[in-house]
Amino acid sequence: MPRGSRVRTAPTWPRLSSAERDVLLELLVHGARPRSELADRLQLSRPTLSRVTKALVTQGLLVEGATELRSITGRPSEMLHVHGPSHRFLGVKLTADRLFAAVTDLSATVVESTEQPLLDHDPDVVIAAIAEVSTRFPGLTGLGVTLGGVVRAGRVVHAGFLEWTDVPLGERLAEATGVPTAVDNDVQALTAAEHWFGAGVGTTSMVVITIGAGVGTGLIVNGELVEGFRGVPPRFGHILVDPAGPHCGYGHRGCASSFLMTHVILRQLDGSPTYAEAVERVRSGDEQARTVFERSGYALGVLIGTAANFLDPQKILLTGEGLPLYELTAPKVHEGIADTYEDDPALIDLDVQPFDFGEWARSAAVLAIRKTITAGRPDGR
């Protein structure tokens, strides 16, 4: 526990009606609004909206703010805001060698963060490490944990980077911490977080592509996160780019992942460089490194173009620790898009977002926020 801190008891999350959840979500995702606009957007009667917002204010989830003039001819309207400090959520992102953690308030604003090495992949050790981190941040309403792999109902079915199979992570963490816990695939959680609180706010269709140690994809369709029937997230990374290309970790030859995963890029270079060293080689004019990166950049373009053909999304968001690949080979990326996308590539809204592992930890906290708010909804979202 940080020196000088006091133990904070977690406030009880209230049992919300469907109308209360809808109002809270509307204000969370779209920002402060007056009651009249909320009633119109959610198709609620004014008396119902008044009753619902009064309950949410009493529960401490909403606060009334200053008035704003919302139209030229109208009167100033009192604005309703989400009361961010009312609840705190811990998000943890696990990689093969580090644990990244972020605490957010109810509005997904990061208020504290930390990171530490992950020296052992044994589930008992990892669970103990997460539990220890949670004790540094008392007063938590929820805990969210994300990792690369297949997760089903809080159980890690398979996580290659951690060498885990069938680990009931959510259940065990809830027991170890005493905090309601949600666990999900990291790219799925990032996609949902960007849709609610990031670059995808307001979109009804979006593709998220992450590149680095692995290649991840997430989809928003009709305003909802797409989740596979068997808990497997959407996977575009194994589309064929070049049948004579390298092999990916699954033995596929020439798929997009075989060109884009960091370790595959590095094993094609002399001298066993780190990724940072390989990037510097490209920048300094090393011909071998330039060739390898440009082939990978073209494969990234094929992946983007294929995703655009498949969904026709409002936005494609690109991020990940492998992002220097795009920065160094953007012309090749756009060549791959042009060779793949059926329509005018200028129609694709490609949003390249700076990478930060802290954002992945924040998305894990958003996972906890989402699960807390939507508990009781038939679709669980």
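The following paragraphs lead through the helix packing and the sheets of this structure, which is a predicted model.

We begin towards the N terminus, with helices H1, H2 and H3. Helix H1, residues 18–30, packs against H2 at an angle of about 110°, and the axes of the two helices are 11 Å apart. Because angles of 65 to 115 degrees count as roughly perpendicular, H1 and H2 are described as roughly perpendicular to each other. On the H1 side the residues that meet H2 are Asp22, Val23, Glu26, Leu27 and His30, while H2 contributes Leu38, Arg41 and Leu42. Sorted by class, this contact of H1 with H2 holds four nonpolar residues, one polar residue and three charged residues.

Helix H2, residues 35–42, also packs against helix H3, residues 46–58, and here the axes come within 9 Å and cross at roughly 115°. H2 and H3 are therefore roughly perpendicular to each other as well, and their crossing is right-handed. The residues that make this contact are Arg35, Ser36, Leu38, Ala39 and Asp40 on H2, together with Arg46, Leu49 and Thr53 on H3. The contact of H2 with H3 is made up of three nonpolar, two polar and three charged residues. Leu38 of H2 thus appears in the contact with H1 and again in the contact with H3.

Further along the chain comes an open sheet of five strands, in which the order is E6-E5-E4-E7-E11 and the pairing is mixed. The edges are formed by strand E6, residues 110–117, and strand E11, residues 181–185; each has a single partner strand, so one side of each is left without a neighbour in the sheet. On average, and with direction ignored, neighbouring strands of this sheet are turned by 15° against each other. In general, the strands of a sheet pair through backbone hydrogen bonds, in either a parallel or an antiparallel way. Here, strand E5, residues 98–105, pairs with E6 in the antiparallel sense over seven bridges, and Val103 has Glu112 in E6 as its bridge partner.

Two helices can be placed against this five-stranded sheet. Helix H4, residues 123–135, packs on the sheet and touches strand E4 (88–94), E5, E6 and strand E7 (140–147), and its direction makes about 150° with that of E4. Helix H12, residues 357–374, lies across E4, E5, E6, E7 and E11, and runs at about 130° to E4.

What aromatic pairing accompanies this packing? The structure holds six aromatic pairs. One of them is formed by Phe100 and Phe357, whose rings are stacked, at 4.5 Å centre to centre and with 15° between the planes. Phe100 lies in strand E5 and Phe357 in helix H12, so the pair ties together parts that are 257 residues apart in sequence.

The next element to follow is an open sheet of three strands in the order E8-E9-E10, with antiparallel pairing. Strand E8, residues 150–152, and strand E10, residues 164–167, stand at the edges of this sheet, each with a single partner strand, so one side of each has no neighbour in the sheet. In this sheet, neighbouring strands are turned against each other by 15° on average, direction ignored. Strand E9, residues 155–159, is joined to E10 by three bridges, and the two strands run antiparallel. The bridge partner of His158 in E10 is Thr165. E9 and E10 form a hairpin with four residues between them, and in its turn Glu163 has a positive phi of about 60°.

The last stop is the packing of helix H9, residues 275–283, with helix H10, residues 287–311, where the axes come within 8 Å and cross at roughly 105°. That angle makes H9 roughly perpendicular to H10. The contact is made by Tyr275, Ala278, Val279, Arg281 and Val282 of H9, and by Gln288, Ala289, Arg290 and Phe293 of H10. By class, the contact of H9 with H10 has six nonpolar residues, one polar residue and two charged residues.

Conventions:
Residues numbered from 1 in each chain as written. Predicted model: local features only at pLDDT ≥ 70, side-chain atom pairs only at ≥ 80, totals over all residues. Heavy atoms only, no water. Axes fitted to C-alpha atoms, helices over the stretch in contact; angles between N-to-C directions. Parallel < 35°, antiparallel > 145°, perpendicular 65-115°, else oblique. Left-handed = near helix turned anticlockwise from the far one by under 90°. Contact = heavy atoms within 4.5 Å. Nonpolar A, V, L, I, M, F, W, Y, C, P; charged D, E, K, R; others polar. Pairing = 2+ DSSP bridges. Phe/Tyr/Trp six-rings, centres within 6.5 Å; stacked < 30°, edge-to-face > 60°.
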